Amino acid sequence: MSTDQPNPRVRPVHPVDADVVDVPVDVPAPAPDTAGDAATAPGHDPAEVRIAFLLFPDLTQLDFTGPAQVLSRVPGARVEYVAATLNPVPTDCGFALVPTTTIADAGPADVLVVPGGDGAFDAMLDPEVIGFVRSEAERATWVTSVCTGAFVLGAAGLLAGKRATTHWASKPMLEAFGAQPVDERIVDDGAVVTAAGVSAGIDMALWLAAELAGQAAAEAIQLQIEYDPQPPFDAGSAERADAVVVARARAAAEAARGDRVTRAAAAVLP
């Protein structure tokens, strides 16, 4: 994709209260590619697929590690793990991840993957994170999220008018960003792809691997990681779970995260 023109997927972010969300209205765009198409620019092997994973504190590790295990096996993949600093990034299950580059130093990616977790609701209020996501979206072929990482995309203005999914407990709150929440495991709306909760990230990554390298390559990756789910219980879907339990969990998610969603959405939509 050429960087000469703005990406039509990106809506301008208009901060309402700089004391709450100090998001720049005009995040500097990447310098124009004087060689033309970024896919053939000097320093970018056309056979190489540049994949960037965004890391932030308190992310859900499987949102990240599941897709990383798949996408790192795509032929030609060059994977970077991007965070604010090179310090280890704590996950929500007690261990930390080590970034390979920083937001300031990260180069343009063909694929951006944003994981979720409760930390996503703090990341969506971080102007450095939002600026990075918007800048990458200007140049990427695919912008993707797993679980509540969708809220970071929403805060960057990428979900307005789009169909999107996220973790079932937080899905109704996507409407705050102008998105249309849908009950699907993977939602492809143009170049923006969202996956439902946690384990759905593996499915999304396999789907994306097929888009990048063909179905045969994706099936080979699925076989390599022996991804053949056979859970002992049929309790992994909100559609089949007890309605009272689902309602209570959604109310709890709204209570815990709704204020942060409202603040982030106020900076995006007029």
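Analyst: Contact here means heavy atoms within 4.5 Å. The model is predicted.

User: What makes a residue a partner of valine 152, apart from its neighbours within four places in sequence?

Analyst: Heavy atoms of the two must lie within 4.5 Å. Val114, Ala120, Ala123, Met124, Val129, Ile130 and Val133 meet that test with valine 152.

User: Which residues have the most contacts inside the largest nonpolar core?

Analyst: They are Phe53, Met124, Val133, Val152 and Phe177, in a core of 74 residues. Helix α5, residues 200-213, gives the largest share of this core, with 7 residues.

User: What makes this set a core?

Analyst: Its members are buried nonpolar residues joined through side-chain atoms within 4.5 Å. In soluble globular proteins, nonpolar side chains tend to be buried together.

User: Why is the pair of phenylalanine 121 and phenylalanine 151 called tilted?

Analyst: Start with distance. The ring centres are 4.9 Å apart, and the limit for a pair is 6.5 Å. Now the angle. The planes differ by 40 degrees. Stacked needs under 30 degrees and edge-to-face over 60, so the pair falls into the remaining class, tilted.

User: What does that pair tie together?

Analyst: Phenylalanine 121 lies in helix α2 (residues 120-123) and phenylalanine 151 in helix α4 (residues 150-155), so the pair links parts that are 30 residues apart in sequence. Phenylalanine 121 and phenylalanine 151 are both buried.

User: Why is the pair of phenylalanine 151 and phenylalanine 177 put in another class than tilted?

Analyst: Its planes are 70 degrees apart. That is over 60, so the pair counts as edge-to-face. The centres are 6.1 Å apart, and the limit is 6.5 Å. Phenylalanine 177 sits in the loop between β8 (163-164) and β9 (180-181), and phenylalanine 151 in α4, so this pair ties together parts 26 residues apart in sequence. Both phenylalanine 151 and phenylalanine 177 are buried.

User: How many aromatic pairs does the whole structure hold?

Analyst: The search finds 6. There is also an aromatic cluster, made up of Phe53, Phe64 and Tyr81.

User: How do you know which strands pair with β11?

Analyst: The test is at least two bridges. Strand β7 (residues 142-146) and β11 have 4 bridges, in the parallel sense. Strand β10 (residues 186-189) and β11 also have 4 bridges, in the antiparallel sense. Both counts pass, so both strands pair with β11. Valine 143 has valine 192 of β11 as its bridge partner. Aspartate 188 has valine 193.

User: What makes up the turn between β10 and β11?

Analyst: The two strands form a hairpin with 2 residues between them. Glycine 190 in the turn has a positive phi of about 75 degrees.

User: Are the two faces of β11 covered or open?

Analyst: Covered. Val192 and Thr194 on one side are buried, as are Val193 and Ala195 on the other. In a regular strand the side chains alternate between the two faces of the sheet.

User: What makes β6 a partner of β1 and β7?

Analyst: Bridge counts again. β1 (residues 49-54) and β6 run parallel and share 3 bridges. β6 and β7 run parallel with 4. Phenylalanine 53 stands opposite valine 113 in β6, and leucine 112 opposite valine 143 in β7.

User: Is glutamate 138 buried or exposed, and how do you know?

Analyst: Its relative accessible area is 16%. The cut-off is under 20%, so glutamate 138 counts as buried. Its place is in helix α3, residues 127-139.

Notes. Residues are numbered from 1 along each chain as its sequence is written. This is a predicted model: local features need pLDDT of at least 70, side-chain atom pairs count only at pLDDT 80 or more; totals for chains, interfaces and linings use all residues. Side-chain values use heavy atoms; hydrogens and water are left out. Buried means under 20% relative accessible area, exposed over 50%, partly exposed in between (1.4 Å probe, protein chains only).
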